[in-house]
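Student: I've just been handed this one and don't know my way around yet. Could you walk me through it?

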Amino acid sequence: MEVLDEENKTVTFKIIEGELLESFKIFVLTIHVDTSGEDNLVTWSIDYEKVDESVKDPTEYLDVVLRITKDIEAHHLSM
């Protein structure tokens, strides 16, 4: 975890080792929550820099983020 900003409801994770860094020089995931009354809007951002142009964009990670978001939503709706 690189940044935890409770006041602005933001968490930033920076990948510092592992397989991802074989394809990306930089890979940062940021989660931000906007609250309005009882409604919450969650924004996920992925910032990255490829090691070269032959590397595909990391769209498969968006699928993972979507599944996580749906699981969290289902959990909250079941409460």
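Student: Let's start on the strands. Which residue of β4 does Phe-24 stand opposite?

Tutor: Keep in mind that this is a predicted model. Strands β3 and β4 run antiparallel and are joined by 12 bridges. Across from Phe-24, the residue in β4 is Lys-50.

Student: What is the order of the strands in the sheet?

Tutor: It's an open sheet of four strands with antiparallel pairing. At the edges sit β1 (3-5) and β4, each pairing on one side only. From one strand to the next the twist averages 10°. Read across, the order is β1-β2-β3-β4.

Student: Back to Phe-24: is it buried or exposed?

Tutor: Buried means under 20% relative accessible area. Phe-24 has 4%, so it counts as buried.

Student: Are the rings of Phe-24 and Tyr-48 stacked or edge-to-face?

Tutor: A pair of aromatic rings is described by the distance of the centres and the angle of the planes. For Phe-24 and Tyr-48 the centres are 5.6 Å apart and the planes stand at 80°. Planes over 60 degrees apart count as edge-to-face. So the pair of Phe-24 and Tyr-48 is edge-to-face.

Student: How many residues apart are Phe-24 and Tyr-48?

Tutor: Phe-24 belongs to strand β3 (residues 24-36), while Tyr-48 belongs to strand β4 (residues 39-50). The pair therefore links distant parts of the chain, with a partly exposed Tyr-48 at 33% relative accessible area. The separation is 24 residues.

Student: Which residues form the aromatic cluster?

Tutor: Searching the whole structure turns up three aromatic pairs. The one cluster is made up of Phe-24, Phe-27, Tyr-48 and Tyr-61.

Student: At what angle to β4 does helix α1 run?

Tutor: Helix α1 covers residues 59-77 and lies across β3 and β4. Ile-68 is in this helix, and is partly exposed at 36% relative accessible area. Relative to β4, helix α1 runs at about 160°.

Student: One more: which side chain does the side chain of Thr-12 make a polar contact with?

Tutor: Thr-12 lies in strand β2 (residues 10-14), and it counts as buried at 10% relative accessibility. Leaving aside neighbours within four places in sequence, Thr-12 is in contact with several residues, among them Val-3, Val-28 and Leu-29. The polar contact, at 3.5 Å, is with the side chain of Thr-30.

Conventions. Residues are numbered from 1 along each chain as its sequence is written. This is a predicted model: local features need pLDDT of at least 70, side-chain atom pairs count only at pLDDT 80 or more; totals for chains, interfaces and linings use all residues. Side-chain values use heavy atoms; hydrogens and water are left out. Rings of Phe, Tyr and Trp (its six-membered ring) pair if their centres lie within 6.5 Å; planes under 30 degrees apart count as stacked, over 60 as edge-to-face and the rest as tilted. Helices (H or I, at least four residues) and strands (E, at least two) are DSSP runs, numbered from the N terminus. Buried means under 20% relative accessible area, exposed over 50%, partly exposed in between (1.4 Å probe, protein chains only). Two strands pair if DSSP finds at least two bridges between them. Axes are lines fitted to C-alpha atoms, for helices over the stretch in contact, and angles run from 0 to 180 degrees between N-to-C directions. Contact means heavy atoms within 4.5 Å. A polar contact is a pair of N or O atoms within 3.5 Å; within protein, one must be able to donate a hydrogen and the other to accept it, and residues adjacent in sequence count only if both atoms are side-chain atoms.
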